[in-house]
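This report describes a single protein chain, beginning with one residue and its surroundings and then turning to the fold as a whole.

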Amino acid sequence: IFHPKGFTDKDIVALSGAHTVGHCHLDRSGFDGPWTENPLAFDNQYFKDMLSLKYESETTAKGCPQHRNKEKGTMMLISDLALLEDPAFKEHVEKYAAD
């Protein structure tokens, strides 16, 4: 969806990084929870957590599949963790997590 609009892999990963701010609202999206422990901080914690934490599959009360880190209570969407499956995307996740 983004490549035809001229986005590069790096652009797509950077755009996804906006998930470091805020959280999903169950009543609006069907997904539930924050991506990071401090959803008001604009930093690279989203990328750090994606690489370092373990997430377990779950289904929200609205029936949407997502992943949750049980220790921190944070979540990731399927599309977030998909960035780790493609080496071209993962390269940028690792760069953003490091800086």
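## The His 19 site

In this predicted model, the side chains of His 19 and Asp 80 are joined by a polar contact of 2.8 Å. Asp 80 also appears among the residues in contact with His 19 once neighbours within four places in sequence are set aside; the others are Trp 35, Tyr 46 and Leu 77.

His 19 itself lies in the loop that runs between helix 1 (9-16) and strand 1 (23-24). Its relative accessibility is 22%, and because the buried class ends at under 20% and the exposed class begins at over 50%, His 19 counts as partly exposed. As a further point of reference, 20 Å separates the C-alpha atom of His 19 from that of Lys 62, a residue 43 positions away along the chain.

## The Asn 44 site

A second loop, between strand 2 (33-34) and helix 3 (45-52), holds Asn 44. With a relative accessibility of 16%, Asn 44 falls under the 20% limit and therefore counts as buried.

The side chain of Asn 44 reaches the backbone oxygen of Tyr 96 at a distance of 2.9 Å. Beyond the neighbours within four places in sequence, Asn 44 is in contact with Tyr 96, Ala 97, Ala 98 and Asp 99.

## Fold and dimensions

The protein chain contains five helices and five strands. Read from the N terminus, these elements follow the order α-β-α-β-α-β-β-β-α-α. The radius of gyration is 13 Å, close to the 13 Å that the globule rule gives for 99 residues, so the chain is as compact as a globular protein of that length. The C-alpha trace spans about 35 × 30 × 25 Å along its principal axes.

Contacts between residues at least 6 apart in sequence can be divided further by separation: 52% of them join residues at least 24 apart.

## Burial, surface and charge

Of the 99 residues in the protein chain, 36% count as buried. The accessible surface amounts to about 5900 Å², and carbon and sulfur atoms account for 55% of that area.

How far apart are the mean positions of the positive and negative charges of the protein chain? The chain carries 11 positive and 16 negative charges, and their mean positions are 2 Å apart.

Technical notes: Residues are numbered from 1 along each chain as its sequence is written. This is a predicted model: local features need pLDDT of at least 70, side-chain atom pairs count only at pLDDT 80 or more; totals for chains, interfaces and linings use all residues. Side-chain values use heavy atoms; hydrogens and water are left out. Helices (H or I, at least four residues) and strands (E, at least two) are DSSP runs, numbered from the N terminus. The radius of gyration is taken over C-alpha atoms; the globule rule is 2.2 Å times the number of residues to the power 0.38. Buried means under 20% relative accessible area, exposed over 50%, partly exposed in between (1.4 Å probe, protein chains only). Contact means heavy atoms within 4.5 Å. Accessible areas come from the Shrake-Rupley method with a 1.4 Å probe; for residues, only the protein chains shown count as cover. Lys and Arg count as positive and Asp and Glu as negative; His and the chain ends are not counted. The place of a charge is taken as NZ of Lys, CZ of Arg, CG of Asp or CD of Glu. A polar contact is a pair of N or O atoms within 3.5 Å; within protein, one must be able to donate a hydrogen and the other to accept it, and residues adjacent in sequence count only if both atoms are side-chain atoms.
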